[in-house]
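Biologist: Please pick one part of this model and take me through it slowly. I'd like to know how its pieces sit against each other.

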Amino acid sequence: MTSHFATYYDGVTSRRREVELSLHPDGLALFERGGGRIETWPYASIRRIEGLPGPGLVVTRISEPASSAEPRLEISDLDFASNLAARAPLTLSKGLTARRERRAVVLWALAAAASVLAVVYFGLPAIASRLAVLVPPSLEIKLGESIDGQVRSMLSDSPMKACVNPEGARALKEIVDRYEQAAQLHVPLSVVVLDHRLVNAFALPGGRIYIFRGLIDRAKSADELAGVLGHEIGHIRHRHGLRSAIQAGGLGFVLGTVFGDFAGGTAIVLGSRALIQSSFSRDAEREADLFGVDLMLKTAGDPMGLARFFQDFNAADPGAFAWLASHPANAERERAIREAVGQARARGPALSAMQWTALRSICQKTE
Amino acid sequence: MQEACLTDITPSGPWGPRAAASLREAEAAVARMSVPRVVPGMGATPARFTGLAGELTGILLRGFVLQLVTLGIYRFWLTTEIRRFYWGHTSAGPETVAYTGTGMELFKGFLFALAIIVPIKLMAILIATYLPAADVITSVGVFVAFLFLGQYAAYAGRRYRLARTSWRGLRLRMTGSALAYALKAFGWSALVIMTLGLAYPWAAAALERIKMRETWFGDAQGSFSGDPLVLFRRGFALWLLGFGVPLAILISAALAMPVGTIGRLTAALFGNSTLLRLEDAGILWAGAGAIMLGLVLVLLAYPAFVAILARWRFEGMGLGGSRLSSSFTIGRAYRIYLLGYLGIFILGMIGSAIWSGVLIGAAAGFAAVGGPVLSGILAVLGYLGIIAGFWILKNILIDLRLWRAQAESLAVLNLAALDHVVANNVDASAMGDSLGDAVAIGSAF
């Protein structure tokens with residue numbers, strides 16, 4: 001029986017002891033230098049301690065019940081170490097357990113990240129639409145008012161003026177009233193035309209819709225404008241403003257709390273947040289398009305006007321970056337509208353030719 | 001049967017019968033010694049640090065990539081690897097210190113910490129949604145809550161790190177209540193703020209005393225004997241430089257203020273700037289200049305502050321009959337910070353230039369094939385590469401060098417006093433440590 005010397009700490013005192021080791025059938029026996037046996041470690045209970053610098057093997061014995069002592073044995077003789085490893089459940093290759101654990105951690109973390117993202121991606125819209133319905137209209141209106149000021153000051157340096165030419169306003173009121181009745185909204189609708197060259201329109205929570213002069217100038221027919229109006233009413237009917245506020249809050253909360261907080265983490269979190277949010281936004285746009293089509297078919301105006309508007313509106317299509325954009329590609333929207341209209345026929349024009357002319361002059365007077 | 005008898009006659013203690021038996025054996029062995037134990041002298045044992053930048057760089061590089069891939073979940077395992085590196089290369093006497101914590105423990109601690117953080121953040125979000133007017137109050141409230149939690153975490157995190165620090169086969173441990181500590185620390189910070197920092201030495205001494213007295217290595221208790229007056233004397237010049245000079249400028253500017261300036265400035269604030277006079281602008285410039293100067297001076301004085309504080313803390317620390325002494329100097333600290341940031345700047349610039357050159361070249365090469373998608377991916381890669389570079393440079397050029405310099409400045413007086421310490425291992429959760437990370441006011445790592 002070969003025996004070797006090793007450094008031993010019994011885990012009970014800080015005393016450093018030189019001990020003699022010997023491999024017995026029932027375990028690793030530790031002897032005092034003088035010869036007296038200290039104890040025998042059963043092979044099954046010996047474990048390697050990782051993370052210590054230098055060559056050699058450092059082992060401990062798993063603690064017995066009701067004991068927290070961590071004895072420590074430093075074996076510098078590599079031949080003896082490999083003999084011991086042949087009997088005990090030890091690995092001699094340094095860091096092997098750590099590498100295995102690392103691989104497991106990375107795989108599980110990937111799975112966890114994927115499942116959290118999946119829950120967020122599929123679950124958050126559902127939660128947001130349930131929650132949005134619970135918010136009382138009075139609160140939604142208040143929220144809209146607080147956003148209103150921010151949005152208007154963001155869009156331009158000087159306060160934007162509202163267009164109020166009386167004939168135009170009457171024409172606008174006519175179509176807005178008709179659509180509002182048919183849409184059965186939970187909040188009162190208020191549509192304002194702003195004197196600005198932007199070709200755009202948007203809806204705020206609480207029933208406020210802004211249409212920019214640029215859009216009216218650009219529209220080739222009353223149907224095109226009516227389509228956009230129907231689309232924005234769809235946003236209000238589906239409480240999209242409220243839903244996207246809840247979604248954005250929830251998304252930032254989950255991504256920021258569970259992930260993040262490491263070098264480069266901000267970029268990753270912001271990136272995935274933007275991606276998911278624009279996907280939510282595309283869904284909302286599609287929903288609003290369909291609502292607008294439905295509204296026009298029920299009341300007045302040709303839904304194909306909305307489709308034509310997208311066709312003419314030759315904004316650069318995002319192409320390969322469609323999955324990054326906040327709105328679906330125009331061609332795709334146009335196709336979806338065409339399909340939704342199907343064989344249905346428009347009940348009548350949105351506005352008479354005279355009303356349309358009057359509406360186009362709404363920005364001749366502003367306040 | 002015999003085992004049972006043994007436990008009957010002697011209290012088994014918290015370490016079980018085997019431990020109790022070997023404890024008695026050890027005591028008997030000491031008593032049996034024919035030669036009386038050598039009376040411990042006051043010899044100084046220098047501490048050593050053998051960690052090399054190359055090894056740490058490897059850990060950091062791999063860790064950065066794995067963190068990205070796992071959206072940050074790997075950070076707990078990376079922290080563990082970094083601690084193993086630092087602990088394992090630090091030694092006093094023949095034995096190195098071992099870090100026995102695991103990434104899984106930190107991860108579990110993080111989950112516990114979430115249970116505290118999530119309700120606070122959720123409440124803040126709800127209040128912000130329903131009461132936008134209370135925005136400022138909410139953010140101040142969250143800040144104060146996090147400040148308090150940060151103090152709690154500083155104590156609980158230290159407890160975890162000590163419980164995972166093993167030397168000569170025994171663990172360190174920490175008793176006491178993190179909550180009581182957090183309350184006291186919170187009160188002290190309020191006092192420090194009210195006295196414009198002048199009370200800091202007394203706060204530091206009081207808190208360090210609490211932490212060290214609750215620190216144990218087996219049955220050897222820690223102590224702290226740092227004198228706040230000493231710290232005050234050493235640091236007063238720095239305080240004068242960083243706070244006093246800008247404060248004096250502000251005060252003299254206020255005293256030299258012409259009559260009516262405040263009224264005219266207030267009017268200007270509300271949009272009526274027609275009344276403003278030339279001398280009013282001078283006051284404004286003096287105020288802004290004083291604040292800028294203060295910031296620059298604080299930045300310049302920071303390394304000296306680190307050095308003074310570190311040395312004072314080390315020299316006050318004791319464990320059982322042994323003490324620490326430190327030869328860390330202000331000059332050393334300046335060398336580390338100035339050379340370190342200079343190195344980060346130069347290497348960072350060179351690295352960024354090369355890296356963006358490579359990416360632009362690649363983008364040009366692939367432009368025909370991949371189009372915008374590929375260049376987008378390259379842009380993201382470029383950004384991440386630069387972040388990784390600066391992060392690693394900071395870790396190597398500042399953190400590692402600071403640790404090495406501080407460790408090598410240390411010597412243990414009367415190390416022999418720790419030769420016959422008896423174990424008293426206890427466990428501690430990693431919750432506090434992860435909480436500290438979560439509220440971002442934790443200690444170094």
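**A pair of helices in chain A**

Modeller: Helix 7 and helix 8 of chain A are roughly antiparallel to each other, a label for angles over 145 degrees (under 35 is roughly parallel, 65 to 115 roughly perpendicular, the rest oblique). This is a predicted model, so local features need pLDDT of at least 70 and side-chain atom pairs count only at 80 or more, while totals for chains, interfaces and linings use all residues. Residues are numbered from 1 along each chain as its sequence is written, and chains are lettered from A and ligands numbered from 1 in the order written.

Helices here are DSSP runs of H or I, at least four residues, numbered from the N terminus. Helix 7 covers residues 240–258 and helix 8 covers residues 265–298; their axes come within 10 Å and cross at roughly 160 degrees. An axis is a line fitted to C-alpha atoms over the stretch in contact, and angles run from 0 to 180 degrees between N-to-C directions. The crossing is right-handed: the near helix is turned clockwise from the far one by less than a right angle.

Now look at who touches whom, with contact meaning C-beta atoms, placed from the backbone, within 7 Å. From helix 7 of chain A, the residues include A:H240, A:L251 and A:G256, and from helix 8 of chain A they include A:V269, A:F280 and A:A288. By class, this contact has eight nonpolar, eight polar and one charged. Nonpolar means Ala, Val, Leu, Ile, Met, Phe, Trp, Tyr, Cys and Pro; charged means Asp, Glu, Lys and Arg; the others, Gly among them, are polar.

Helix 9 and helix 10 of chain A are also roughly antiparallel to each other, but they pass in a left-handed crossing.

Notes:
Helices (H or I, at least four residues) and strands (E, at least two) are DSSP runs, numbered from the N terminus. Two residues are in contact if their C-beta atoms, placed from the backbone, lie within 7 Å.
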